[in-house]
Amino acid sequence: MGMTDVLIVGAGPTGLVLACDLARRGVAVRIVDRSPAPPRTSRAKGPNPRSLEILDDLGVAEEVLAAGSAPLPMLKYRDRHPVAEADPWADSAPSPDARYGRGWLIAQWRLEGILRDRLAGYGVHVEPGREVVGLAQGRGEGEGESESESESESESERAYGGHVDVTYADGPAGRARYVVGCDGAHSSVRKLLGIGFEGTTAEDQVMVCGDVDLADGALDRTRWHQWFDEDGAVMLCPIPGTRTGWWFQAGPERDGRGRPLAPTADGFRRLLAHHTALPGRALTRAELLSTYRVNVRMADRFRAGRVLLAGDAAHVHAIAGGLGMNTGIQDAFNLGWKLGLVLAGHADAELLDTYEEERLPVAARTLDLTSERLRATLEAIRRPGGGLDAAITPDTTGLGVGYRWSSLAAGGRAQEAGEPGPRAGDRAPDAPCADATTGEPTRLHRVFAGPRTTVLGFGPGSAAVLRATADAYGGDTGVRVCRVYAAHEDRAGAEPGAVVDDAGHVAAAYGTGASGDPAAGTVVVVRPDHHVGVLAPADDARSVREYLRRLHGTGRSAERSPGMVDAVR
């Protein structure tokens with residue numbers, strides 16, 4: 001039975017992002033999905049600004065932007081007449097520390113296609129029609145294991161054994177070092193592990209959804225149309241990349257006892273005729289019909305030995321604010337680099353415990369945030385002119401999500417309240433800068449891109465730490481160093497990869513402005529998922545060394561090096 005490093009169950013956006021991140025690290029990854037063909041679903045409306053940064057790191061953001069459209073202004077109606085227009089993104093603009101000022105509108109099936117193509121570039125293809133029906137964690141008789149593997153195992157993994165045996169409904173069984181369940185709210189992986197999924201389902205908060213075609217020219221495609229009446233609602237949003245395709249969402253038709261009826265094409269036509277000025281026949285096609293109930297649930301834990309959960313398999317929440325798919329993409333980006341470093345023999349398997357430590361509180365907060373946004377939206381639509389813009393707040397960009405509580409945010413200097421710059425655990429800000437050698441414009445997130453940890457050095461005092469780090473972790477150990485020169489500094493001997501903070505945006509973002517001591521400096525360790533690990537004075541080499549040792553072992557003496565495949569850019 002062949003062993004794979006990581007088996008990913010579920011090929012939605014969460015599973016595909018994780019697979020791409022692992023494949024570019026040279027990890028042996030398989031991704032299976034129970035559907036016989038890629039589902040043509042357009043449930044999620046698109047990536048938020050933080051997810052766009054992740055897609056950029058994976059090398060697909062340009063394609064995603066080209067395939068979708070900017071989010072649209074909302075035109076709101078009452079009693080069939082337009083009463084208000086709102087553009088919740090009107091004031092959103094890129095800033096020096098965040099390239100993407102707003103999310104993007106793209107059909108989920110289109111985003112999945114782009115990610116599948118990127119994955120295929122690494123020689124990995126989704127295996128359709130593979131339903132997982134059994135998982136057994138155990139060590140087989142006579143199974144060989146290298147010393148580095150057994151040393152890097154955590155106690156919980158030794159208790160579970162050295163691998164996971166996977167049984168499928170059809171075809172031969174498989175074996176993997178780790179399994180990640182990205183298989184949605186009804187996750188087979190979660191059920192097979194017996195992990196609880198506590199929460200509530202609001203049976204009365206129901207919406208019917210589908211992809212529909214409207215007669216050409218029936219509605220203005222530059223708006224998201226929203227009819228909110230006292231007896232129900234219809235929302236129609238144009239699907240980018242189609243000529244006549246729209247997302248249809250509505251309050252359901254109900255029977256005589258007030259129970260919601262299942263969605264049908266004719267039902268959609270009746271809803272359209274009832275709430276809008278369009279005749280029912282303007283709706284020429286309806287498919288992918290579904291009923292959405294407000295579910296707010298979270299798994300008790302995100303890890304059981306060598307099996308982990310991500311995305312909707314771990315948490316589901318109210319649709320308000322569009323955070324479902326985005327939270328899953330961000331789960332995957334948190335987990336991928338940790339699996340990569342453990343499998344490469346650099347980090348101890350305890351590193352995987354930080355996945356739940358960091359993402360479970362984020363999921364819990366997202367549940368609260370989306371429930372609050374849903375409450376605000378339901379209140380807003382009672383009044384003429386109220387609409388879905390009530391769900392859009394700065395919280396829904398994902399850019400403020402950090403892990404200050406994490407054990408991976410320890411060490412370095414403690415910042416005073418009100419001091420500028422990020423703290424350990426926060427998202428590392430982006431900033432425009434220039435290549436120190438060529439003068440070409442670039443950005444910090446470009447420097448961070450690709451599956452590596454980055455050590456930024458500010459000020460002449462940082463040179464020694466950067467040199468020592470490059471000596472210990474040069475080559476393919478997954479660490480890069482980058483000296484950030486202020487515009488006035490002499491950079492005659494700049495190393496390749498160094499950047500110049502030509503407009504002062506980097507110093508502003510990281511709070512490393514001029515200090516009185518010209519030899520002083522700051523060192524910032526940025527994790528592969530763009531979060532700050534350590535922020536320390538340049539003379540605190542120990543904090544940097546200990547942090548890197550935890551993630552990357554002792555450097556050149558580490559037993560094995562991962563096969564690095566850089567993001568194609």
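In this predicted model, the second largest pocket encloses about 640 Å³ of space. Its lining is made up of 23 residues, and those nearest its centre are V481, E495, P496, G497 and A498. Three elements, α11, α12 (463-473) and β19 (479-486), each contribute at least two residues to this lining, with β19 giving the largest share at 5 residues. By class, the lining of the second largest pocket comprises 12 nonpolar, 3 polar and 8 charged residues.

It is helpful to set this pocket against the protein as a whole. The secondary structure amounts to 14 helices and 22 strands, and 54% of the 569 residues count as buried. When contacts between residues at least 6 apart in sequence are considered, 72% of them join residues at least 24 apart.

The interior can be described next, beginning with its nonpolar packing. The largest nonpolar core has 110 residues, and V6, I8, Y178 and V180 are those with the most contacts inside it. Helix α9 gives the most to this core, supplying 10 residues. For I8, the contacts beyond four places in sequence take in a run of residues from elsewhere in the chain: G15, L18, A19, L22, V29, R30, I31 and V32, together with V180 and C182. V180 thus appears both as a contact of I8 and as one of the residues with the most contacts inside the core.

Helix α9 itself deserves a closer look. The helix covers residues 324-343, and its 20 residues reach 29 Å from the first C-alpha to the last, close to the 28 Å expected at 1.5 Å a residue. Most of α9 is covered, with 19 of its 20 residues buried. After the helix comes G345, which has a positive phi near 80°.

Alongside the open pocket, the structure holds 4 cavities of 30 Å³ or more. The largest cavity contains about 90 Å³ of space. Lining it are E53, D56, D57, R99, Y100, D430, R443, H445, R446, A449 and H530. The elements that give two or more residues to this lining are α2 (49-57) and α11 (444-448), and the largest share, 3 residues, comes from α2. In terms of class, 7 of the lining residues of the largest cavity are charged, 2 are polar and 2 are nonpolar. Readers following α11 through the model will meet this helix in two places, since α11 supplies at least two residues to the lining of the second largest pocket and two or more to that of the largest cavity.

The second largest cavity holds about 70 Å³ of space. Its lining consists of R50, I54, Q330, F333, N334, R359, G398, V401, Y403, D529 and H531. Here α2 and α9 each provide at least two residues, and α9 makes the largest contribution, with 3 residues. The lining of the second largest cavity divides into 4 nonpolar, 4 polar and 3 charged residues. Helix α9 is therefore a shared element of the model's interior: by the helix assignment, α9 lines this cavity and also gives the most residues to the largest nonpolar core.

A residue beside the largest cavity's lining is also worth describing. A61 is placed in helix α3 (residues 61-67). Its relative accessible area is 1%, so A61 is buried. Beyond its neighbours within four places in sequence, A61 is in contact with L52, L55, D56 and Y100; of these, D56 and Y100 are among the residues that line the largest cavity. The C-alpha atoms of A61 and S51, which are 10 residues apart along the chain, are separated by 9.4 Å.

Finally, two backbone positions stand out. Most residues other than glycine have a negative phi. R80, however, has a positive phi near 75°. The loop between β3 (74-78) and β4 (81-86) is where R80 is found, and R80 is partly exposed, with a relative accessible area of 40%. H530 likewise has a positive phi, of about 65°, although it is not a glycine. H530 lies in the loop between β21 (522-526) and β22 (532-537). At 1% relative accessibility, below the 20% cut-off, H530 counts as buried, and H530 is one of the residues lining the largest cavity.

Conventions. Residues are numbered from 1 along each chain as its sequence is written. This is a predicted model: local features need pLDDT of at least 70, side-chain atom pairs count only at pLDDT 80 or more; totals for chains, interfaces and linings use all residues. Side-chain values use heavy atoms; hydrogens and water are left out. Helices (H or I, at least four residues) and strands (E, at least two) are DSSP runs, numbered from the N terminus. The expected span of a helix is 1.5 Å times one less than its number of residues. Buried means under 20% relative accessible area, exposed over 50%, partly exposed in between (1.4 Å probe, protein chains only). On a 1 Å grid over the protein atoms alone, a cavity is a set of points where a 1.4 Å probe fits but cannot get out, and a pocket is an open set with protein on both sides within 12 Å along at least five of seven lines; lining residues have an atom within 4 Å of a point. Grid points are joined across faces, edges and corners, and a volume is the space filled by probe spheres set on the points. Ala, Val, Leu, Ile, Met, Phe, Trp, Tyr, Cys and Pro count as nonpolar, Asp, Glu, Lys and Arg as charged, and the others, Gly among them, as polar. A nonpolar core is a set of buried Ala, Val, Leu, Ile, Met, Phe, Trp, Tyr and Cys residues joined through side-chain atoms within 4.5 Å. Contact means heavy atoms within 4.5 Å.
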